[in-house]
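Here's a quick tour of the model, starting from one helix and working outward. Keep the viewer open as you read.

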Amino acid sequence: MLSKKSIVDVGSLEPEDIKLILFNADSFLEISRRDVKKVPTLRGKTVVNLFFEPSTRTKTSFEIAAKRLSADIINFSSSSSSLKKGESIIDTLKTILSMNVDLIVMRHSDSGTVKMIDRFVDVPVINAGDGKYQHPTQALLDLYTIKKRFGKFEGLKVAIVGDFLDSRVARSDMDLFEKMGMEVTIVAPTMLLPEDYSEMKVRHNIDEVIKDTDILYMLRMQLERQDRKFYPSVMEYNRFLTLDMKRLEMMKPGSVVMHPGPVNRGIEITDEVMDVGGKLGEKIAIEEQVTYGVAIRMAILYLILG
Amino acid sequence: MVKNEKKNILIKSGTIIDPGKGKEFVSDIYIKDGIVAGIKENIKTGEDDTVKINAEGLIVSPGFVDMHVHLRDPGFEDEETIETGALAAVKGGVTTVACMPNTNPVIDSDALVKYILEKSHDAACRILPVAAMTKDLKGKDITEMGILSEAGAIGFSDDGKCVADSRIMYEIMRYSTQFGLTLILHEEDYFLSEGGLMHEGHYSSMLGLEGISTLGEDVIIARDIMLARKSGARIHVTHLSTRGGVEMIKKAREEGLHITCDVTPHHLFFNDSCLTSFNTNLKVKPPIRSEEDRQALLSGLKEGVIDAIASDHAPHLDTEKNTTFKLASFGTIGLETLFAAAFTKLCFEEKMSIYQLVNLITVSPAKILGIDAGKIEVGKTANITVIDTGAEEEIKRESFISKSKNSAFIGQKLKGKVICTISKGRLAYMNE
């Protein structure tokens with residue numbers, strides 16, 4: 001029902017695919033809210049969660065999605081570092097495929113690896129994040145969260161704040177949000193941006209966008225993905241990029257704060273903001289993102305295997 | 001190698017391109033006992049002892065000179081050997097190979113230089129060792145450049161590595177002037193390139209692959225031009241890849257400095273947009289650059305700023321390439337596609353004359369290295385390549401003779417094909 005067998009990046013999703021995934025997510029969201037959260041749709045299908053990089057959220061989300069659809073899901077985790085030269089990732093894939101699986105959900109620490117694997121195998125592959133390249137299901141669940149909050153996409157102003165350079169979420173979101181007619185601004189310091197960012201709309205200070213933004217998308221500082229660290233300090237980050245109470249209060253009515261998780265408290269977002277309640281607390285959509293993530297992944301599994 | 005007992009060869013009616021003589025004409029060439037015995041029309045020979053090659057409508061060129069090749073011998077014979085590398089060379093029309101010293105052990109002693117020369121005695125083509133500038137390519141202690149050149153090293157290079165210490169590079173340059181030798185320089189500032197996987201630009205940003213900025217190459221080219229100006233050394237920048245590099249070298253030459261450079265066919269053929277496939281055979285160093293850089297390289301060739309085309313033939317095992325882009329080794333093989341890749345881009349697409357291209361892969365690199373090669377002369381050993389410029393073929397993995405198959409050109413349609421190669425006076429390759 002989708003235009004391609006696999007979902008490896010946002011760029012290969014057709015507008016019709018996106019529409020279909022968002023539309024189907026609604027009914028799967030409803031299932032997740034029932035007392036008995038299980039439908040027999042994918043009974044007899046086998047899905048493998050193939051994770052070459054540690055993950056709890058995404059892996060759990062796919063696992064719950066598959067189980068609610070009655071598919072059998074098997075977790076295969078291996079640290080990327082154990083797959084060094086000489087140990088072929090292709091051989092690992094062949095072993096898994098010999099067991100007649102129907103779909104592979106894959107995460108890897110190196111950019112482009114899922115795209116490469118997709119060319120080698122016949123079964124559908126869903127990219128659950130590869131290196132700094134793409135994380136398409138995250139982008140789709142983010143889009144779904146925006147749809148639920150705003151009911152539209154056209155003309156919304158999005159600010160993506162933080163470590164753009166090391167973030168697959170930022171790359172995927174920027175592609176998808178622009179595709180849907182939103183205006184995306186990246187807020188980041190020079191060392192967390194590409195060498196040449198002249199083609200992108202860029203600001204260096206969160207205060208320049210805070211009042212005018214509909215969606216404030218805070219990126220996780222990917223300290224584990226940086227080979228060398230050039231950013232001076234957390235103090236410097238707090239000064240120009242952190243979402244604190246003062247900044248939260250400046251945001252316009254109806255605006256939301258998103259984050260792909262897990263949050264580095266005190267870096268991207270202060271403790272105070274994370275735990276804020278009341279009217280201001282309604283702006284924080286981070287938990288909704290997680291809930292909608294299951295629905296989006298159910299929709300994708302259903303559209304590929306159903 | 002083609003098994004043939006016949007000693008003499010007659011190439012009939014080919015269009016001879018000889019940049020050494022500066023002319024292009026139709027003639028026969030007769031090779032007797034490996035020596036060019038005659039270049040004239042309508043040569044008659046005895047039937048039995050002569051192999052006849054009908055070269056009507058074909059180009060007859062001096063055998064190509066590839067001044068940048070990794071033969072991986074000694075130390076990495078699972079990737080390539082002197083023997084297999086030479087067979088790949090003659091299939092590509094190359095009859096003279098300069099091999100780089102980053103072997104194991106490194107070619108940094110006279111014993112290693114002699115090993116290469118002795119082992120290549122029976123190889124299909126002429127192999128000339130380039131020796132290391134610093135011991136074990138560590139960039140610290142200068143090699144015995146005097147002894148090494150006496151042993152037969154034709155040039156010096158730490159290729160694959162850059163001498164980061166400017167003082168040491170300066171002393172190497174000064175010392176090289178004593179022997180009048182050429183230094184072949186791999187230009188890379190490690191502080192700028194570290195961790196990089198592809199050209200830094202729009203596509204590296206899009207693909208989430210760590211970038212290698214052109215700055216890393218340009219900063220060292222600028223440094224080495226300054227050091228060469230002061231020392232008077234003859235330097236050659238190999239696998240030049242940036243627009244900035246072309247511009248700086250152009251200016252330095254206008255000033256009268258002894259600086260030459262070469263470019264690889266893959267840097268002329270591809271740009272960084274090709275990396276969206278994550279094809280690990282396109283992971284090379286220096287990286288495949290932007291279209292702007294590629295255009296600057298093409299202009300540099302047309303204007304004569306770039307002196308030679310060399311393959312940077314870099315064999316790697318499948319296990320080093322069939323992995324993630326990050327883990328894959330840098331390098332593509334290139335001996336067998338040297339001519340066709342360059343011809344397709346330069347002559348077919350860019351309308352450069354074949355005469356100019358042949359010059360870039362024969363006389364010009366021979367001159368840089370100071371060797372007698374790249375010409376067809378009566379009385380000398382025959383090194384000749386016959387080419388069909390009308391042929392076109394899709395490059396297939398199975399067609400490579402090289403021990404490694406990591407070619408960036410697999411799947412590409414290339415024009416121009418080597419029909420036969422006469423190397424060291426013998427028929428070394430014949431396209432079946």
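## One helix, one buried side

This is a predicted model, and helix H7 of chain B is a handy place to begin. Its buried residues are B:Gly216, B:Glu217, B:Ile220, B:Ile221, B:Asp224, B:Ile225, B:Ala228 and B:Ser231. Those positions take up an arc of only 155 degrees around the axis, so they sit on the same side of H7(B).

The length checks out too. H7(B) runs over residues 215-231, which is 17 residues, and at 1.5 Å a residue that should span 24 Å; the C-alpha atoms at its ends are indeed 24 Å apart, so expectation and model agree. Right after H7(B) comes B:Gly232, with a positive phi near 80 degrees.

## Chain B as a whole

Zooming out, chain B holds 14 helices and 18 strands. Along the principal axes, its C-alpha atoms fill a box of roughly 65 × 45 × 45 Å.

How does its radius of gyration square with a compact globule? For 432 residues the rule gives a value near 22 Å, and chain B comes in at 21 Å, which agrees. Buried residues make up 57% of the 432 residues in chain B. Take the contacts in chain B with a separation of 6 or more: 76% of them join residues 24 or more positions apart.

## The largest nonpolar core

Which residues touch the most other members of the largest nonpolar core? Out of its 215 residues, that list is A:Val105, A:Ile160, A:Val161, A:Ile296, A:Leu301, B:Cys125 and B:Val386. Helix H11 of chain A (residues 286-305) gives the largest share of this core, with ten residues. The core also draws at least three residues from each of two domains of chain A: domain 1 (10-134 + 292-305) and domain 2 (137-289).

A:Val161 is worth clicking on. Leaving out residues up to four places away in sequence, A:Val161 touches A:Val187, A:Ile206, A:Leu216, A:Tyr217, A:Met218, A:Leu219 and A:Leu241.

## Where the chains meet

How many residues does each chain bring to the contact? Chain B puts in 19 residues and chain A puts in 22 residues. On the side of chain B that touches chain A, helix H6 (202-207) and helix H11 (318-321) of chain B each supply at least two residues. The largest share of that side, three residues, comes from H6(B).

Note on methods:
Residues are numbered from 1 along each chain as its sequence is written. Chains are lettered from A and ligands numbered from 1 in the order in which they are written. This is a predicted model: local features need pLDDT of at least 70, side-chain atom pairs count only at pLDDT 80 or more; totals for chains, interfaces and linings use all residues. Helices (H or I, at least four residues) and strands (E, at least two) are DSSP runs, numbered from the N terminus. The expected span of a helix is 1.5 Å times one less than its number of residues. A residue is buried if 20 or more other C-beta atoms lie within 10 Å of its own, exposed if 12 or fewer, and partly exposed in between; C-beta atoms are placed from the backbone. The arc is that of the directions from the helix axis to the C-beta atoms. The radius of gyration is taken over C-alpha atoms; the globule rule is 2.2 Å times the number of residues to the power 0.38. Two residues are in contact if their C-beta atoms, placed from the backbone, lie within 7 Å. A nonpolar core is a set of buried Ala, Val, Leu, Ile, Met, Phe, Trp, Tyr and Cys residues joined through C-beta atoms within 7 Å. Domain bounds come from an automatic or database domain assignment.
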